[in-house]
Amino acid sequence: MTENFPASAETVRITPCVKWAGGKGQILGEIERRMPKDFKNYFEPFIGGGSVLFFLRPFSAFINDANPQLVNLYRQIQSDPEKVISAVNALDKEGCNLDFYLKNREEYNRRITENILDCATASLFIWLNKHCFNGLYRVNGKGLFNVPYNNRSAGSSIDEENIRAMGKYLKKVDIACMDFEEAVKNARQGDFVYCDSPYLPESPTANFASYAKGGFSSEDHRRLSKVFKELDGKGVKVMLSNNDVEDVYKLYNGYRIESFEVRRMINREGNKRRGREVIVTNYDY
Ligand SMILES: C[S@@+](CC[C@H](N)C(=O)[O-])C[C@H]1O[C@@H](n2cnc3c(N)ncnc32)[C@H](O)[C@@H]1O
């Protein structure tokens, strides 16, 4: 076992509480095998559903995402998991049909527009994630959540024990909502940064992911590779995930790049197919 890894802070298993496009659940083994042997502080500037963080559960962690509603979710779970559980259970009690879904989505979007970041917004976030099509989080150009209803009503939207364990673990985690470049400014020699940005498109015609207003452009990818190199220069250990596409080899030329096969869970037809991803590192493992 290393200084800050793995599962050293809590022994109980924690899993993501929302489904998130690009979730790393199925490649945790690939990530684990390429982890640095030891590190001081852990930084994850694109936290998303948090599958890597909750798998590793490092003692000292700084997490970040540009999506304010997602960050609010983690902050609410951090400060009062019981309150979040009660609020989601209250929504579940109502059952669900298309009208109720649309009413909740409208209320959630009102809260986005008015920038209301509280427990009610966090519980709607979880509830909508469970009842929307494919469990996807997608926003339109105005930043409003626009995913349709999945036509399923039954079941609980929350695993209470998981939220309790998550709340306990998050108590010692710093949670920020800013651009990734700012979020890794404090990383120092011996720290470890895992970057899982929205991916480069698999093909030139594929769309960029829109988890947050503004998306992630090719200029952002250039900026990210610059940040990777700056961190490397400071003696920070960096790992980065992306699609196995030509641009990655150009952007990260000179670093260790390993490619492997993955099952793609989310596509227009909602079925599975195969693709390839890479993990880039600036250290040996
Ligand atoms: C691929 S997802 C991360 C998936 C995550 N590893 C998981 O397992 O669920 C990318 C995340 O980057 C966030 N993001 C997009 N642009 C960003 C930026 N400029 N700075 C920080 N985060 C950003 C998105 O909101 C999204 O949650």
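**Exercise 1. Aromatic pairs**

Determine how many aromatic pairs the count gives, and which residues ring pairs link into a cluster with Trp-20.

*Solution.* Step 1: rings of Phe, Tyr and Trp (its six-membered ring) pair if their centres lie within 6.5 Å. Step 2: by this rule the count comes to 21 aromatic pairs. Step 3: ring pairs join Trp-20 with Tyr-108, Phe-125, Tyr-137 and Phe-145 in a cluster.

The structure is a predicted model, in which local features need pLDDT of at least 70 and side-chain atom pairs count only at pLDDT 80 or more, while totals for chains, interfaces and linings use all residues. Residues are numbered from 1 along each chain as its sequence is written, and side-chain values use heavy atoms, with hydrogens and water left out.

**Exercise 2. A charge over a ring**

State which ring lies under the charged end of Arg-256.

*Solution.* Step 1: a charge sits over a ring if NZ of Lys or CZ of Arg is within 6 Å of the ring centre and within 35 degrees of the ring normal. Step 2: for Arg-256 the ring is that of Tyr-285, with its centre 4.0 Å from the charged end.

**Exercise 3. The ligand**

Identify the residues that come nearest to the ligand, and describe the polar contacts of Trp-20, Ser-51 and Phe-180.

*Solution.* Step 1: a residue is near a molecule if one of its heavy atoms lies within 4 Å of it. Around the ligand there are 24 residues, and Trp-20, Gly-49, Ser-51, Asp-65 and Asp-196 come nearest.

Step 2: a polar contact is a pair of N or O atoms within 3.5 Å. A polar side-chain atom of Trp-20 is 2.9 Å from an oxygen atom of the ligand, and one of Ser-51 is 2.6 Å from an oxygen atom of the ligand. From Phe-180, a polar backbone atom lies 3.0 Å from a ligand nitrogen atom.

Step 3: the ligand taken alone exposes 600 Å², of which the protein buries 96% (accessible areas by the Shrake-Rupley method with a 1.4 Å probe).

**Exercise 4. The largest cavity**

Give the volume of the largest cavity and name its lining residues.

*Solution.* Step 1: on a 1 Å grid over the protein atoms alone, a cavity is a set of points where a 1.4 Å probe fits but cannot get out, and lining residues have an atom within 4 Å of a point. Step 2: the largest cavity holds about 40 Å³ of space. Step 3: its lining consists of Tyr-108, Phe-125, Leu-128, Asn-129, Cys-132, Leu-136, Tyr-137 and Phe-145.

How values were computed:
Rings of Phe, Tyr and Trp (its six-membered ring) pair if their centres lie within 6.5 Å; planes under 30 degrees apart count as stacked, over 60 as edge-to-face and the rest as tilted. A polar contact is a pair of N or O atoms within 3.5 Å; within protein, one must be able to donate a hydrogen and the other to accept it, and residues adjacent in sequence count only if both atoms are side-chain atoms. On a 1 Å grid over the protein atoms alone, a cavity is a set of points where a 1.4 Å probe fits but cannot get out, and a pocket is an open set with protein on both sides within 12 Å along at least five of seven lines; lining residues have an atom within 4 Å of a point. Grid points are joined across faces, edges and corners, and a volume is the space filled by probe spheres set on the points.
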